[in-house]
Amino acid sequence: MKNILVARDLRKTYGENEAVKGVSFEIKAGEIFSLLGPNGAGKTTTISMLSGLIAPTAGDADIAGHSIVRDSLRVRERIGVVPQEIALYDDLTARENLTFWGQMYGLSGGRLKTRIAAVLEQIGLSDRANERIKTYSGGMKRRVNIGVGLLHEPQLLFMDEPTVGIDPQSRRAILDTVKALNTQGMAVLYTTHYMEEAAELSDRVGIIDHGKMIALGTQRELAQQIGGRETLSLHIGDDQNSQALAEVVRGLPGVDQASAMDHTVSVIVASAAEALAPVVGAASANGFRIRGVEVTEPDLESVFLHLTGRALRD
Amino acid sequence: MPKSLLIALKDLTLAFRDVGGLLLMLLAPFALTVGIGLVTGRFSGDSSTGLSQIPVVLVNNDDGDLGRVLVETFASADLADLLEPKTVTDEAAARAAIDADEAAAAVIVPAGFSTAIFEAVADAPSIELVLNPERPVSAGVVQSIVESLLSRIEVGRVSGQVAVEQLLQTGRITPDQAEAIGREFGEQQAGTAGSAITIRRVDVSGRAAEAFDVLTIIAPGFALMFLMFTVTNAGRTIIQERLNGTLPRLLAAPIGAGEVLGGKLLGIFLIGVAQVAILILANGALFGVDWGEPVAVIALVLASAAGAAGWGALLAALAQSPAQISGLGSALMLIFGILGGSLGNQIALPDMLLPVAWLTPNYWGIQGFAALGTGASLAEIAPDLGALLAMAAALFGVAIVAFRRRGLV
C-alpha cells in the first residue's frame with residue numbers, strides 16, 4: 001500500500017534540549033498509526049513538526065508527496081489536525097466554529113454547508129449546533145474539536161491525545177469515531193500514552209521515549225520483540241510500597257524487568273510458571289502481602305517495560 | 001473573502017459577544033460623556049450650544065498690530081456667541097478675575113510683542129495665557145483660539161522670511177529693501193490673521209455661525225480613552241489565542257503566518273473603528289451633536305482607531321501574558337487619557353509633558369473632532385489625520401517585527 005507519510009530522521013532541539021532525536025517512520029494510506037509513549041516523550045513535538053506548526057531542526061518528512069520543510073502549505077491542505085487542547089472559540093456556536101475553521105481550510109458556499117452538516121452528524125451534535133461552545137460539556141467540546149479536523153476531508157488526520165481528561169463515555173465515542181473514519185479510508189496518526197487505546201485502534205504502533213523511536217511495528221511484531229516472555233502483575237495492599245517491591249523482585253533469577261504503578265507491580269519473566277513461586281516468596285520474605293496475581297500475554301505495556309524498564313505512566 | 005478579513009471579522013464578532021468588554025467599550029464612555037455633559041450644563045436649558053459666553057479677560061500691552069488683531073479677534077462677531085471678552089489694562093486685575101472665577105482665561109499680550117515678532121528678535125516676549133483650572137473646557141477653548149491665531153501669524157512670518165530671502169539671493173532686491181518688504185509683509189499677515197481664525201460655518205446656506213458644542217470634545221475624548229482599553233483588550237487576544245491553542249491551530253491550517261497576523265491586527269483595528277463609530281453615532285443621534293463634514297468624520301474615526309490599534313498591537317507584541325497586557329492597557333488608557341486631553345484640557349500638565357501628548361491618539365483625535373465640530377474641513381484636519389496614520393504605521397511596523405522576533409506568529 002502507498003505511503004501517505006514518510007518521516008526521515010526528524011529532529012527538534014530547543015537550546016540544549018533535544019526533544020526529538022531523529023525519528024523515522026512511515027504511515028500507509030488508510031492506516032491507523034499510533035505513537036505511544038509517556039508524557040514528555042516527544043509525541044506532540046513530532047506531530048507539531050509534521051503539521052507544519054514548528055520547523056524541524058533537521059530531517060524532513062513527505063506527506064502526500066509534499067515535503068513539510070519545502071512545501072508546508074501544500075502539506076497543510078492535505079492534513080487535518082486535532083490538537084490535544086480544545087482549540088475552539090467559546091463564544092461562537094459549534095456551527096460558527098465549524099464555519100470559521102472550514103473557511104480557513106478554503107471551504108465556502110454550498111460545499112462548506114454540506115460538510116458542516118455532515119460533520120455535525122458524524123460527531124452527533126446536529127441538534128445542538130447553534131449553541132455556544134461554552135455551554136457544552138468537556139466531551140462535547142472534544143467532539144467539535146475533532147469535527148474541525150474533518151471538515152476538509154483530509155487524507156491524513158493527526159490526533160494528539162484526543163481523549164485526555166474526558167469521561168469514559170466520551171472516550172468511547174471518540175475511539176468509535178476514529179475507527180469509523182478509518183473505514184472511510186482516512187489515515188490517522190494517533191498519539192497517546194494509553195496503551196489500551198493504541199492496542200484497540202492501531203494497525204501499527206511506534207513506541208517513542210525520550211525523543212527516540214524505540215520500537216515500531218504491528219502489535220504482534222512488537223510482542224515478539226520480548227520473545228516468549230510473560231507478565232506477572234502483583235497486586236498489593238494500599239498501605240504497601242510498590243516501588244520497594246519492584247526493587248525486591250528485580251534481581252531475582254528469571255525476572256527480566258519490574259516496574260511499579262499505583263498498587264501493582266508488573267514483572268516481565270521468561271516463564272510465569274517458573275518465576276511465580278520465587279517472586280511471591282521473595283515478596284512475603286520482605287514483608288509484602290500479595291492480594292492477587294495475574295499472568296498475562298505480552299502487550300504494549302510489557303513491550304515498553306521490557307525496552308525501558310519503566311511503566312508507560314511512570 | 002480573504003482569510004485575514006475572516007479572522008478579523010471573527011474577532012469583531014467575539015468582541016461584541018463579550019458582555020463585560022462591551023460595558024467598558026460602549027457603556028462607560030457613554031455614561032461619562034453624559035455625566036460630564038450634565039456637569040458642564042450641556043443638557044440644561046433649551047440651548048444646544050453647550051458652551052457659550054465664555055468670559056475672557058484681555059490685557060493688551062502691545063502697541064503694534066498683533067495685539068490689536070488679537071483683541072479684535074476675540075471681539076469679532078463670529079465669536080460673539082461663544083466668548084464674552086473684557087479688556088482691562090491691569091495685569092493684576094486680570095489675574096484677580098481668574099482667582100475669583102470670574103473668567104475662564106486671561107490673555108496678556110506683552111509690550112513690544114509685534115515689533116519683536118516682525119523683526120524676529122531672538123528672545124521675543126511670549127503671550128501669557130492664564131487659564132482657570134475650575135473651567136478646564138472653557139479655558140481650553142480660549143487656549144485653542146490663541147494658539148490658532150499665533151500659529152497663523154508664525155506661518156505667515158516664516159513664509160515671508162523665506163520669500164524675502166529668495167528675492168535677496170536672486171538679486172531682485174537689495175538688503176535695504178529686504179527689511180522694508182519684510183516688515184510690510186508681516187504687517188499684512190497680522191492684518192489678515194484675524195479673519196483666518198473666525199468660527200467656521202458648516203454650510204454656506206446662510207445658517208448662523210456654528211457654535212462650539214462641548215460634546216464635540218467630551219464625547220470623542222472619552223471614546224478615545226476607552227478605545228485604548230478596547231484595542232489593548234483586542235491585542236490581548238493574540239496572546240490568549242496562543243495559550244488557548246486556537247492560534248497554533250490557525251497556523252496549522254493552509255494559511256500564511258503573515259495572513260494570520262494581518263487578520264489579528266485588522267481585527268484590533270475593526271473593533272476600534274466599531275467602538276468609536278457607535279459612540280459618535282449615538283452621541284449624534286441622542287444629543288444632536290453635529291460632528292461636522294461626514295467624510296472628514298469618517299476619516300478621523302478610521303485614523304483614530306488606526307493610531308490606537310497600533311498601540312494595542314505593540315503592547316500585544318511586547319507583553320508576556322494576557323494579564324500583563326490588561327494591566328498595561330489600563331495604565332495606558334489612563335495615562336493617554338490624561339496626557340491626550342480625554343480627561344480635560346492639558347492645562348494642568350507641566351510644559352515639558354505636553355510634547356508627550358503628541359504620542360497619544362487621544363490628542364490628535366480630540367483636536368480633529370473639536371475642529372470638525374466648529375466646521376473644519378477634511379483638508380484642515382489633515383495634520384491630525386497624518387499624525388494618527390503615521391503613528392499607526394510606525395507602531396504596527398514595530399509590533400510586526402516584535403511578533404516575528406518572538407516567534408509568536
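Partly exposed residues lie between the buried class, under 20% relative accessible area, and the exposed class, over 50%. The exercises below apply this to a predicted model.

**Exercise 1. Classify both partners of the A:Glu153–A:Arg111 salt bridge, and place them in the chain.**

Step 1. Start with the contact. The closest N and O atoms of A:Glu153 and A:Arg111 are 3.1 Å apart. The cut-off for a salt bridge is 4 Å, so the pair qualifies.

Step 2. Locate the partners. A:Glu153 sits in the loop between α5 (138-150) and β7 (156-160) of chain A. A:Arg111 belongs to helix α4 (residues 109-122) of chain A. They are 42 residues apart, and the pair links distant parts of the chain.

Step 3. Read the accessibility. A:Arg111 has 42% relative accessibility, so A:Arg111 counts as partly exposed. A:Glu153 is at 43%, and therefore also partly exposed.

**Exercise 2. Describe the salt bridge between A:Arg74 and A:Glu77.**

Step 1. Take the distance. The two side chains meet at 3.4 Å, N to O.

Step 2. Find the element. Both residues lie in helix α2 (residues 72-78) of chain A. Their spacing is three residues, about one turn of the helix.

Step 3. Assign the class. A:Arg74 has a relative accessible area of 35%, so A:Arg74 is partly exposed. A:Glu77 has 35% and is partly exposed.

**Exercise 3. Analyse the salt bridge of B:Glu91 and B:Arg95 in chain B.**

Step 1. Take the distance. The side chains of B:Glu91 and B:Arg95 meet at 3.6 Å, N to O.

Step 2. Work out the spacing. B:Glu91 and B:Arg95 are four residues apart in helix α4 (residues 91-99) of chain B, so about one helical turn separates them.

Step 3. Assign the class. B:Glu91 is partly exposed at 31% relative accessible area. B:Arg95, at 30%, is partly exposed.

**Exercise 4. Which residues are linked with A:Asp176 in a network of salt bridges?**

Step 1. List the partners. The network joins A:Asp176 with A:Arg172, A:Lys179 and A:Glu200.

Step 2. Set this in context. The whole structure holds 28 salt bridges over all chains.

**Exercise 5. Summarise the build of chain A.**

Step 1. Count the elements. Chain A has 11 helices and 14 strands.

Step 2. Check burial. Of its 314 residues, 52% are buried.

Step 3. Check contact range. Take contacts between residues at least 6 apart in sequence; 69% of them join residues at least 24 apart.

Step 4. Check the surface. The accessible surface comes to about 13100 Å², with 47% belonging to carbon and sulfur atoms.

Methods. Residues numbered from 1 in each chain as written. Chains lettered and ligands numbered in written order. Predicted model: local features only at pLDDT ≥ 70, side-chain atom pairs only at ≥ 80, totals over all residues. Heavy atoms only, no water. Helix = DSSP H or I, 4+ residues; strand = E, 2+ residues; numbered from the N terminus. Buried < 20%, exposed > 50% of the residue type's maximum accessible area, 1.4 Å probe, protein only. Contact = heavy atoms within 4.5 Å. Areas by Shrake-Rupley, 256 points an atom, 1.4 Å probe, with all protein chains shown as cover.
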